[in-house]
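Q: Could you take a close look at the start of this chain for me, and then follow the links between side chains from there? Plain bench talk is fine.

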Amino acid sequence: IFGDNMKYKGFTLAEVLTTLGIIGVVAAMTIPTLMAKIQEISYKSQYKKIFSELNQALRLLEEDDSSPLLLCKSMDDKCFRDQFVKKIKISHICNEAIPNKCQVKSKYLNNTEQVLKTNVNGKWPAFMALRGYSVKFRYHYNNCVTYDELDKVNNLNGNLNSCGWVQVDVNGLSGPNQVGKDIFFLVLMQNGFATRFYTDNPINDCKKGTGISCSSLYINGGGLNFNEEQTPHK
């Protein structure tokens with residue numbers, strides 16, 4: 001039926017294997033980067049949700065006259081933490097040094113372990129939320145400004161003119177446990193939490209510095225103030 005001179009077109013086994021090999025090399029080069037990008041987007045999304053949840057909890061505490069600004073004495077970190085426990089569902093309360101049920105050893109983006117007064121491995125009260133994130137609490141005093149009046153530096157003592165700050169780890173004990181990736185800092189002001197940044201160049205700090213400034217960049221593009229009507233930076 002078919003002539004002896006009939007020719008069949010197709011790929012040889014060697015050609016198929018070569019093509020598959022090339023695809024494998026390209027996939028090996030691109031998939032890790034793609035997965036890292038997807039994970040980064042997930043961290044940012046979780047951080048924004050936690051930011052909103054903490055501010056909502058603070059508003060509820062204010063309605064009950066249970067705000068830490070009303071009840072907590074200066075430097076009473078446990079009081080600061082314990083007020084939020086009333087409004088957020090938690091699985092663990094931690095007071096001991098790390099590692100504990102709330103946090104493990106962490107680093108800044110540049111792999112250092114201590115920057116100014118935001119030591120990621122400091123022994124401060126914390127809780128683990130049922131949703132899987134942890135928060136560490138550091139209280140200063142109630143004589144701070146609103147985030148609309150927030151100055152980067154307090155001329156009296158060189159510190160942020162805030163009532164305190166929190167360290168948020170969006171996935172708790174899971175890695176990478178690094179500031180700017182899954183760990184972020186917020187400062188407590190008279191009317192809510194504001195994002196924290198470090199140095200006059202937050203973009204550079206978020207790329208290859210401490211990573212503290214990522215807290216601000218991921219919410220409001222690196223500005224000092226946070227407006228709740230503002231579209232979050234992406």
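A: Let's start with Phe-11, which sits in the segment before helix H1, the helix that covers residues 13-63. Keep in mind that this is a predicted model. Is Phe-11 buried or exposed? Its relative accessibility comes out at 73%, and the cut-off for exposed is over 50%, so Phe-11 counts as exposed. Phe-11 also has company out there: with Leu-13, Val-16, Leu-17, Leu-20 and Ile-23, Phe-11 forms a nonpolar patch on the surface. Taken together, those residues show about 670 Å² of accessible area.

Now for the cysteines. A disulfide is a covalent bond between the sulfur atoms of two cysteines. Searching the whole structure turns up four disulfides. If you count the bonded cysteines along the chain, they pair up as 1-2, 3-4, 5-6, 7-8.

One of the four disulfides joins Cys-72 and Cys-79, with 2.1 Å between the sulfur atoms. The angle about its S-S bond is -85 degrees, and that link is left-handed. Cys-72 is buried, and Cys-79 is buried as well.

Another disulfide ties Cys-94 to Cys-102, and here the sulfur atoms are 2.1 Å apart. This link has 85 degrees about the S-S bond and is right-handed. Where do its ends stand on accessibility? Cys-94 has a relative accessibility of 1%, so Cys-94 counts as buried. Cys-102 comes in at 0%, so Cys-102 counts as buried too.

Further along there is the disulfide of Cys-206 and Cys-214, whose sulfur atoms lie 2.0 Å apart. The link of Cys-206 and Cys-214 is right-handed, with 110 degrees about the S-S bond. Cys-206 is buried, and so is its partner Cys-214.

On to the charged pairs. Side chains of opposite charge can pair when their charged atoms come close. The structure holds six salt bridges, and one of them runs between Asp-77 and Arg-138, where the closest N and O atoms are 2.9 Å apart. That pair connects distant parts of the chain: Asp-77 belongs to helix H3 (residues 77-85), Arg-138 belongs to strand E3 (residues 134-139), and 61 residues separate them. Asp-77 has a relative accessible area of 10%, and buried means under 20%, so this acid is buried despite its charge-pairing role in the bridge.

A second example is Arg-81 with Asp-82, a salt bridge whose closest N and O atoms are 2.6 Å apart. Which partner is buried, and which is partly exposed? Arg-81 counts as buried because its relative accessibility is 2%, while Asp-82 is partly exposed because its relative accessible area is 32%.

Glu-113 and Lys-105 make another salt bridge, with 3.4 Å between the closest N and O atoms. Glu-113 counts as partly exposed because its relative accessibility is 31%. Lys-105 reaches 54%, so Lys-105 counts as exposed.

Key. Residues numbered from 1 in each chain as written. Predicted model: local features only at pLDDT ≥ 70, side-chain atom pairs only at ≥ 80, totals over all residues. Heavy atoms only, no water. Patch = residues over 30% accessible without salt bridge, like charges linked within 9 Å, V, L, I, M, F, W, Y side chains within 5 Å. Areas by Shrake-Rupley, 256 points an atom, 1.4 Å probe, with all protein chains shown as cover. Salt bridge = Lys/Arg side-chain N within 4 Å of Asp/Glu carboxyl O. Helix = DSSP H or I, 4+ residues; strand = E, 2+ residues; numbered from the N terminus. Buried < 20%, exposed > 50% of the residue type's maximum accessible area, 1.4 Å probe, protein only. Disulfide = S-S within 2.5 Å.
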